[in-house]
Amino acid sequence: MQQDSNLFSHRTGEFITLGTGTSVGIPIVGCDCQVCTSSNPKNQRGRTSVYVGAPEGGFLIDTPPELRLQLLREGIPWVHAVLYTHSHADHIFGLDDVRISGYRLEKSIMLHCEEIVEEQIRCSFNYAFETPKHNTHHMARPQLEFQRINTDAFNLLGLKIQPIRLMHGTLPILGFRINDIAFCTDVSQIPEESWEHLEGLDVLILDALRIKPHPTHFNLEQSLKVVERLKPKRTFFTHISHSLEHEEINASLPDNIELAYDGLSVPLNGPPG
C-alpha cells in the first residue's frame with residue numbers, strides 16, 4: 001500500500017510542536033479556570049510531542065495520547081520513526097496511532113529509545129510484540145522495531161541527532177539536539193556534561209511547567225535562568241500547565257522568549273523570523 005499522497009506532504013524542513021501541554025492536557029477535565037475555559041486556541045494544549053520533517057522522511061519525538069488528532073491537524077500522513085525522551089504515560093500512550101504508518105509504508109516504524117523505555121513500551125503494548133494467540137486481521141498489530149540509543153550521536157532520515165542527558169526529578173531522560181534546535185521537555189536539572197550540547201542554538205524548546213516550583217519540572221523562573229546562561233537566538237517554552245495564560249505570560253517575557261503552542265513550526269535550518 002506504499003503511496004505518495006498528493007494531498008499531504010511530510011513537511012520537509014519543519015520542526016513542529018504538535019503538543020505543548022502538561023500530562024493532563026489543557027483544558028483539564030472538570031476545570032473552569034481562566035485558561036481551561038479560554039477561547040484562545042493557543043491556550044488549548046495537547047500532551048507534549050514534536051514532529052520533524054527530515055530530508056528523507058518524517059519522525060516524531062514522543063507519542064502522546066492525542067497523536068492522531070495532532071497529525072490530522074497538521075496534515076501529516078505518516079511517520080517513519082519515533083524518538084523517545086522517556087516512558088511516562090503522556091509520552092508513549094499514543095503509540096498505536098503510528099500503526100497506520102507501518103501499514104501505508106509497508107515497513108516497520110523504528111522506535112529509538114533507551115533500554116528502560118523499551119521495557120515499558122513492550123509491557124504497555126504487549127500485543128504489538130508477542131505472537132497472537134488467536135487469528136486476527138493483518139493490520140491489527142503495529143509494525144514496530146526498536147533501535148537502542150544512548151547519549152551518542154546518530155543519523156536518522158538525513159539528520160544528525162544528538163541525545164542530551166537530562167533529569168526529570170530522579171529519572172534520567174533524554175532531550176535531543178537536531179541541527180541548531182534543541183528540545184528539552186520534562187526536565188528539572190541539566191547535568192553539567194550536557195550543557196555543551198546546548199551551546200550556539202538557534203532555537204531552544206524548553207520545559208517551563210508553571211510559576212510555582214515543581215519537583216520534576218523547571219518552573220518559569222528556572223527556565224529563564226537556563227536561557228540566560230545559554231543565550232539561544234530564540235526560546236519557546238513547552239509542557240505548559242493551565243497556570244500560564246498564553247498572551248499574559250508572553251507579554252511578561254523578555255524579547256525572543258515566548259510560550260510555544262500546538263502547531264508552532266520553526267525551520268530546521270536557521271531561526272524563525
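In the predicted model, seven strands form an open sheet with mixed pairing, in the order 7-8-9-10-11-12-13. Strand 7 (154–156) and strand 13 (257–259) are the edge strands, each of which pairs on one side only. On average, neighbouring strands of this sheet are turned by 25 degrees against each other, direction ignored.

Within this order, strand 9 (residues 171–178) stands between strand 8 and strand 10. Six of the eight residues of strand 9 are buried, that is, under 20% relative accessible area, so the strand is largely enclosed by the rest of the structure.

Strand 8 (residues 159–168) runs antiparallel to strand 9, and eight bridges join the two. One of the paired positions is Gln162, whose bridge partner in strand 9 is Arg177. Two residues lie between the strands in the hairpin of strand 8 and strand 9, where Gly169 takes a positive phi near 65 degrees.

On the other side, strand 9 pairs with strand 10 (residues 181–184) over three bridges, again in the antiparallel sense. Phe176 has Phe183 of strand 10 as its bridge partner, while Arg177 is partnered by Ala182. Arg177 is thus bridged both to Gln162 and to Ala182 in strand 10. The hairpin of strand 9 and strand 10 also has two residues between the strands, and here Asn179 adopts a positive phi near 55 degrees.

Further along the sheet, helix 5 (residues 220–230) lies across strand 11 (203–207), strand 12 (234–238) and strand 13. The helix runs at about 155 degrees to strand 11.

Technical notes
Residues are numbered from 1 along each chain as its sequence is written. This is a predicted model: local features need pLDDT of at least 70, side-chain atom pairs count only at pLDDT 80 or more; totals for chains, interfaces and linings use all residues. Side-chain values use heavy atoms; hydrogens and water are left out. Buried means under 20% relative accessible area, exposed over 50%, partly exposed in between (1.4 Å probe, protein chains only). Helices (H or I, at least four residues) and strands (E, at least two) are DSSP runs, numbered from the N terminus. Two strands pair if DSSP finds at least two bridges between them. Axes are lines fitted to C-alpha atoms, for helices over the stretch in contact, and angles run from 0 to 180 degrees between N-to-C directions. Contact means heavy atoms within 4.5 Å.
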